[in-house]
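Work through the three exercises below with the model open. Each task is followed by a stepwise solution.

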Amino acid sequence: MRILVTGAQGQLGRCLQDALAESAHDWRALGRSALDIADSASVARAIEGFAPDVVINAAAYTAVDRAETEVDAACRINAEGPAHLARACQTHGARLIHVSTDYVFDGDAERPYREEDTTRPLGVYGASKLAGERAVAEACTQHLIVRVAWVFSEYGNNFLKTMLRLGAERDSLGIVDDQQGTPTYAGDLARALVRLTEVNKGWGTYHFSGGRPVSWYRFAEAIFQEAARQGKLERVPTLNPITTEEFPTPAARPAWSVLDGSQLQSVFGIGQGDWEQALAKVIARL
């Protein structure tokens, strides 16, 4: 199997390289300097040059708040980029696995979101990702769209690493406690995506869940408890639960970002991740 990964320098891209290095696949991972998905010519060159059987699109504009003012940049990468990839994959007979987000939903649900639930993004980031989903579905017959939430890893910038940095600098932190989600380890997601490269059926949209739902406050609490257990912090800061209203941001965020991953299990036999188990492993690697 020949697999091409976009977004090689992001946290998911790097975890995908770790997962693929343990496989027997012939693969190539390209960063933006080698493959700019927002440039149709760059996409065409990469796919024609490597002739992959499967493309995994891990490239994305993920600066949620900045997207509110950098609308064009977000749309070029999150909407136009997947469209370029989808058309090129369709032309060359390649399958496309595209990674999307819980931000396509408004967060008003009272149960985990299923794939068929109504989408209603609250901001530019979610709207651009939804546009990318639609472009992929329209342009590439053999596609899999995988939505995820609250991704963290030992790589790149993410909530876990931000908490550890701030915890080393401050005596106390206020953490939002009225947004619920399922933290997802990028390594668990990467292994699931590699397994999906081996299927040739079930085209459509799926959710990959990271495990037990928690609030940002409870996730931060777990992070600091584990870091303290491993001796990674000299002291644990005092954590104070706060509301979304007390921590205003340029972009609105879903209050409920819990995804139902049962469809992925029933169709492909791929279970959900486990952020609690992954947490100890990630912190040990930092």
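**Exercise 1. Sheet layout**

Task: Start from strand β8 (residues 180–181) and find how many bridges join β8 to β11. Then give the strand order of the sheet.

Solution:
- This is a predicted model. Two bridges join β8 to β11, and the two strands run antiparallel.
- Look at Gln180: its opposite residue in β11 is Ser215.
- Now widen the view. The order is β11-β8-β13, an open sheet of three strands with mixed pairing.
- Check the edges. β11 (214–215) and β13 (256–257) each have a single partner strand, so one side of each lacks a neighbour in the sheet.

**Exercise 2. Positive phi**

Task: Compare the settings of Ala51 and Trp150. Is each buried, partly exposed or exposed?

Solution:
- Recall the background: most residues other than glycine have a negative phi.
- Ala51 has a positive phi, near 50°. Trp150 also has a positive phi near 50°.
- Place Ala51: it lies in the loop between α2 (40–50) and β3 (54–57).
- Place Trp150: it lies in the loop between β5 (143–148) and β6 (151–152).
- Apply the cut-off: buried means under 20% relative accessible area, and exposed means over 50%.
- Ala51 has 47% relative accessibility, so it is partly exposed. Trp150 has 9%, so it is buried.

**Exercise 3. Helix burial**

Task: Determine how many residues of helix α6 (residues 186–196) are buried.

Solution:
- Nine of the eleven residues in α6 are buried, so the helix is mostly covered.
- Among the buried residues are Ala186, Gly187, Asp188 and Leu189. Further along α6, Leu193, Val194 and Leu196 are buried too.

Methods:
Residues are numbered from 1 along each chain as its sequence is written. This is a predicted model: local features need pLDDT of at least 70, side-chain atom pairs count only at pLDDT 80 or more; totals for chains, interfaces and linings use all residues. Side-chain values use heavy atoms; hydrogens and water are left out. Helices (H or I, at least four residues) and strands (E, at least two) are DSSP runs, numbered from the N terminus. Buried means under 20% relative accessible area, exposed over 50%, partly exposed in between (1.4 Å probe, protein chains only). Two strands pair if DSSP finds at least two bridges between them.
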